[in-house]
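Trainee: Could we go through this protein together, with the reasoning behind each label spelled out?
Mentor: Gladly, let's take a look.

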Amino acid sequence: MGHGLEPYPDHELLALGRLLQETAYPEGRKEITLPGMRLDLVAHGPEGTLVVAEVKRSSGYREAHLLQLGYYLVRLKEEGIPAMGELRYPEERRVERVALTPDLEAKVRAAEEALLELLRSPIPPPPKRIPPCPTCAYYEFCFIGEEDDA
């Protein structure tokens, strides 16, 4: 994404995620796109607080989900928009409230700096297989032409 490459648009898990997002919370406002962000769900919380929610199929990669939501909360804070966050896992029937704490903000900024350093590199590092690789919509970008031994 940092270089303008989009994931495979017909990827099965992306399609399932879009379907889940569209059907799980019919009362909320759907997918609001802002520069550098695509918010799954925006709602009004207590006392008019803005609530930004990320809808995910499972909590298996919770730390990554937390960083993504934290990034949105940091960006909104920088624009002067106070907000709370929620990680929503409808298939698990679970909602986790997320506040932008100093610790979360520090983790987001560290991840952002590491990503920017990677994007500034003249060539990408060699691909390294990790557990999410076989289900990733970017899989072919990393491992095209290789035998699938995963």
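**Reasoning from values to labels**

Mentor: Let's begin with K77, which is partly exposed, with a relative accessible area of 47%. Keep in mind that this is a predicted model.

Trainee: Why is K77 called partly exposed?

Mentor: Buried means under 20% and exposed means over 50%, with partly exposed in between. The relative accessible area of K77 is 47%, so K77 belongs to the partly exposed class.

Trainee: And what makes E105 count as buried?

Mentor: E105 has 14% relative accessibility, and the cut-off for buried is under 20%, so E105 counts as buried. Across the protein, 29% of the 150 residues count as buried.

Trainee: How do you know that K77 forms a salt bridge with E105?

Mentor: Here the test is a side-chain nitrogen of Lys or Arg within 4 Å of a carboxyl oxygen of Asp or Glu. For K77 and E105, the closest N and O atoms are 2.8 Å apart, so the pair passes. K77 lies in helix α2 (residues 62–78) and E105 in helix α3 (residues 102–120), so this salt bridge ties together parts that are 28 residues apart in sequence.

Trainee: Which other residue meets E105 in a salt bridge?

Mentor: That is R109, at 2.9 Å from N to O. R109 and E105 are four residues apart in helix α3, so about one helical turn separates them. R109 is partly exposed, because its relative accessible area of 35% falls between the 20% and 50% cut-offs.

Trainee: How many salt bridges does the structure hold?

Mentor: Twelve. One of them joins R62 and E63, with the closest N and O atoms 3.0 Å apart.

Trainee: Are R62 and E63 buried or exposed, and why?

Mentor: Neither label fits, because R62 has 28% relative accessibility and E63 has 46%, and partly exposed is what lies between 20% and 50%.

Trainee: What makes α2 and α3 roughly perpendicular?

Mentor: Two packed helices are described by the angle between their axes and the distance between the axes. The angle between α2 and α3 is about 100 degrees, and their axes are 9 Å apart. Angles of 65 to 115 degrees count as roughly perpendicular, so α2 and α3 earn that description.

Trainee: Which residues make the contact of α2 with α3?

Mentor: On the α2 side they include L66, L67, Y71 and K77, and on the α3 side they include L104, E105, V108 and R109. By class, the contact has seven nonpolar, one polar and six charged residues.

Trainee: How do you know that β2 and β3 pair?

Mentor: Two strands pair if there are at least two bridges between them. Strand β2 (residues 37–44) and strand β3 (residues 50–55) have four bridges, in the antiparallel sense, so they count as paired. A43 has V51 as its bridge partner in β3. The two strands form a hairpin with five residues between them, and E47 in the turn has a positive phi of about 55 degrees.

Trainee: How many helices and strands does the protein have, and in what order do the elements run?

Mentor: There are four helices and five strands, and from the N terminus on they run α-β-β-β-α-β-β-α-α.

Key. Residues numbered from 1 in each chain as written. Predicted model: local features only at pLDDT ≥ 70, side-chain atom pairs only at ≥ 80, totals over all residues. Heavy atoms only, no water. Buried < 20%, exposed > 50% of the residue type's maximum accessible area, 1.4 Å probe, protein only. Axes fitted to C-alpha atoms, helices over the stretch in contact; angles between N-to-C directions. Parallel < 35°, antiparallel > 145°, perpendicular 65-115°, else oblique. Contact = heavy atoms within 4.5 Å. Nonpolar A, V, L, I, M, F, W, Y, C, P; charged D, E, K, R; others polar.
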